[in-house]
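Here are a few notes to help you find your way around this structure. Have it open beside you as you read.

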Amino acid sequence: MKYDKLTIIGLPKKFKVYYALDYLYPDGQLPDNPDDILYDEWPTDGDEGEDAMVVYEYYKSATGIYIAYNETVHALSFELSPWASDADVSLYVKLVNAVLKKHPRAKLYAQYDILKGLTDEEEKKMIADRQSYVKRLLKTKEGFTMEGLFHGCTLKVAHLRPAPTLDIQARELRQMFADMQWEKEEEEEEKQ
């Protein structure tokens, strides 16, 4: 899929991946009120010499975004899953553009192509790519496994509820998968 792996090269030596999420907020830092925090991250294992984390949007993300910073080459890599929700794609575009805005000398690479940033049109194309990927899998009538932030699921296409069109079925499946990631967390919060 186009732009599912991007790299920003030329970041300053003092750059820390754990503060990249702050670029999405108006003042450049997390809000004081916890209810105003829309995005979060958790550290994860990266390659040797990399600081890595998964960034996600509360109650909307299905897979989150994997980002890793390599201090040796001062490069920040972004990866987006084929199972990403529309909110994940939107967060991906916002975060890439926010880092580029904060560090104007840095360069964005999609393999060998240099980009100035990601546009709304490219965001729509990335969402459409994910939609068509799910549609293609639904056409096979075989099972497939979707990996998410907190839960994965293996689906048998024959067991899915039929829909008037494949587009609608794919859209509903992607939305159901994103919602599924947050169901258990909401239940735990209600118990407390």
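1. Tyrosine 56 is a good place to begin in this predicted model. Its relative accessible area is 8%, and because buried means under 20%, tyrosine 56 counts as buried. Tryptophan 182 is buried too, with a relative accessible area of 1%.

2. Now look at these two rings together. Tyrosine 56 and tryptophan 182 make a tilted aromatic pair, with 5.8 Å from centre to centre and 45° between the planes. The pair joins distant parts of the chain: tyrosine 56 sits in strand E3 and tryptophan 182 in helix H3 (residues 166-191), 126 residues apart.

3. You can follow the rings further from here. Ring pairs connect Tyr56 and Trp182 with Trp42, Tyr58, Tyr59 and Phe150 in a cluster. The count of aromatic pairs comes to 15.

4. Next, the nonpolar cores. The largest one has 35 residues, and Leu6, Ile8, Ile67, Leu76 and Phe78 have the most contacts inside it. Two or more residues come from each of strands E1 (5-9), E3 (50-57), E4 (65-70), E5 (75-80) and E6 (107-110), and from helix H1 (86-102). H1 gives the largest share of this core, 9 residues.

5. A second core, separate from that one, has 16 residues, among them Trp83, Val134, Ala170 and Phe177.

6. Finally, try selecting isoleucine 8 in your viewer. Setting aside neighbours within four places in sequence, isoleucine 8 is in contact with residues including His74, Ala75, Leu76 and Phe78. Val96, Val99, Leu100, Ala106, Lys107 and Leu108 are also in contact with isoleucine 8.

Note on methods. Residues numbered from 1 in each chain as written. Predicted model: local features only at pLDDT ≥ 70, side-chain atom pairs only at ≥ 80, totals over all residues. Heavy atoms only, no water. Core = buried A, V, L, I, M, F, W, Y, C linked by side-chain atoms within 4.5 Å. Buried < 20%, exposed > 50% of the residue type's maximum accessible area, 1.4 Å probe, protein only. Helix = DSSP H or I, 4+ residues; strand = E, 2+ residues; numbered from the N terminus. Contact = heavy atoms within 4.5 Å. Phe/Tyr/Trp six-rings, centres within 6.5 Å; stacked < 30°, edge-to-face > 60°.
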